[in-house]
Amino acid sequence: MARSNPGLLLGLLLLRLTWCLAVDGGGVEEGGGVFPVVVSTWPFREAVRAAWDVVKTGGAGGSAVDAVVAGCSACEELRCDGTVGPGGSPDENGETTLDALIMNGKTMEIGAVAAMRYVKDAIMAAKLVMEHTGHTLLVGEKATSFAISMGLAGPTDLSSPESIEKWSNWRQNNCQPNFWKNVAPAGNCGPYHPINIPKDPVKSAVWEDQGITCQEWLQNDNLLEPTSSHFNSVNRHNHDTISMAVIDKMGHVAVGTSTNGATFKIPGRVGDGPIPGSSAYGDDEVGACGATGDGDIMMRFLPCYQVVESMRLGMEPRDAAVDAISRIARKYPDFVGAVFAINKKGVHAGACHGWTFQYSVRNSSMQDVEVITVTP
């Protein structure tokens, strides 16, 4: 048997030790990615900086989860584009409500709140759901009660002078555009009624007594067409989300979202923001995704879950992002939306449909946040 070479064995041991320190200690550059890394929808530079300040600190750095909370909280405070945090996107009643989600890609734990009233710290409320309950999603006034009971400030009026003015102007415009379809009266504020002929004979008699019939509704052209025909101005100022992904120095992934939803939404509407796999999804073993756009359409396809699972099967981030968006566009050619994808190596890309999309990135090779533009 050949004798071992002590020098060769020592060299191999040192090489393995160096590799392990690089992987476990962070600062790894592989395939274009340098950890830690923060990615966010849109040019929300201050939000990315806030997350970066958390995740870059100390020996091991702050956790990915804490960085996501810091980043989304900054956007809530700044009311990014008027679509995140309090003071924006009034519903049909003029009220602002909030949705948020946080996901830990190491444990796959998720916390979310939806249609939450009177509490402005949506992402913090979502984190409390994740850390202090066995549930995933709390909604409405019960989400409000939970958040306040756990120490968040409230109740607080989430409206602002700007949101009330926007709502008042919309009311003066006969509540147009809106999200109703197949109802009457069209072209005016509600209450609305379905155009289907009621099967209940009592209701039919009442409607006849009031001199209203479905035939008259149709003759008067009171039928609202599908939403896309009436609310065709989806943009980042009325229909948007901050979706953020962070990979920390230890390689752990977290994602989060925060939004005040679609402007003039029907009260009670919940979009894709607090829905796992739709607005965001992350897994330490694979990477992460964030989405923005027409949530009512996008949540039907769970695009971020699709992106992460495509990357798990070997797709590069760009191909996975394009594939997820293409799946939606084949069914809804007029939809507006975008996703970013980042794999566990830190390689990132984006894809969009119906608008020009921008996402923000910061990693340890950059001096500051960089904004990347993606065209359809």
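**Exercises: around Thr241**

Thr241 touches Thr41, Trp42, Phe44, Thr257, Ser258, Thr259, Asp272, Ala291 and Thr292, leaving aside residues up to four places away in sequence. Keep in mind that this is a predicted model.

**Exercise 1.** Find where Thr241 sits, and work out whether Thr241 is buried or exposed.

*Solution.*
- Start with the chain: Thr241 is in the loop between α9 (227-230) and β9 (242-247).
- Next, take the accessibility: the relative value for Thr241 is 3%.
- The cut-off for buried is under 20%.
- Thr241 therefore counts as buried.
- Now check the record: UniProt, in an unreviewed entry, puts the feature "active site" at Thr241.

**Exercise 2.** One of the contacts of Thr241 is Trp42. Which ring does Trp42 pair with, and how are the two planes set?

*Solution.*
- Searching the whole structure turns up 8 aromatic pairs.
- In one of these, Trp42 meets Trp355 edge-to-face, with 5.1 Å centre to centre and 90 degrees between the planes.
- Look at where the partners come from: Trp42 is in the loop between β3 and α2 (45-55), while Trp355 is in the loop between β14 (348-353) and β15, so the pair links distant parts of the chain, 313 residues apart.
- Both Trp42 and Trp355 are buried.
- Follow the ring pairs further and you get a cluster of Trp42, Phe340, Trp355, Phe357 and Tyr359.

**Exercise 3.** Which strands pair with β15, and in what sense?

*Solution.*
- Take β3 (residues 37-41): this strand pairs with β15 in the antiparallel sense, over 5 bridges.
- Within that pairing, Val38 stands opposite Arg362 of β15.
- Then take β16 (residues 370-374), which also pairs with β15 in the antiparallel sense over 5 bridges.
- Here Phe357 has Val374 in β16 as its bridge partner.
- Between β15 and β16 there are 6 residues, and the two strands form a hairpin.
- As for cover, 6 of the 7 residues of β15 (357-363) are buried.

**Exercise 4.** Put the strands of the open sheet that begins with β11 in order, then find the helices on that sheet.

*Solution.*
- The order is β11-β12-β13-β14, 4 strands with antiparallel pairing.
- β11 (280-283) and β14 are the edges, as each pairs on one side only.
- On average, neighbouring strands are turned by 10 degrees against each other, ignoring direction.
- β11 and β12 (residues 287-293) share 4 bridges, and Tyr281 faces Cys289 of β12.
- Helix α11 (residues 303-312) lies across β11, β12 and β13 (337-343), at about 150 degrees to β12.
- Helix α12 (residues 317-331) touches β13 and β14, and its direction makes about 20 degrees with that of β14.

Notes
Residues are numbered from 1 along each chain as its sequence is written. This is a predicted model: local features need pLDDT of at least 70, side-chain atom pairs count only at pLDDT 80 or more; totals for chains, interfaces and linings use all residues. Side-chain values use heavy atoms; hydrogens and water are left out. UniProt positions are given in the numbering used here, feature names are shortened, and annotations may be inferred rather than shown by experiment. Buried means under 20% relative accessible area, exposed over 50%, partly exposed in between (1.4 Å probe, protein chains only). Contact means heavy atoms within 4.5 Å. Two strands pair if DSSP finds at least two bridges between them. Rings of Phe, Tyr and Trp (its six-membered ring) pair if their centres lie within 6.5 Å; planes under 30 degrees apart count as stacked, over 60 as edge-to-face and the rest as tilted. Axes are lines fitted to C-alpha atoms, for helices over the stretch in contact, and angles run from 0 to 180 degrees between N-to-C directions.
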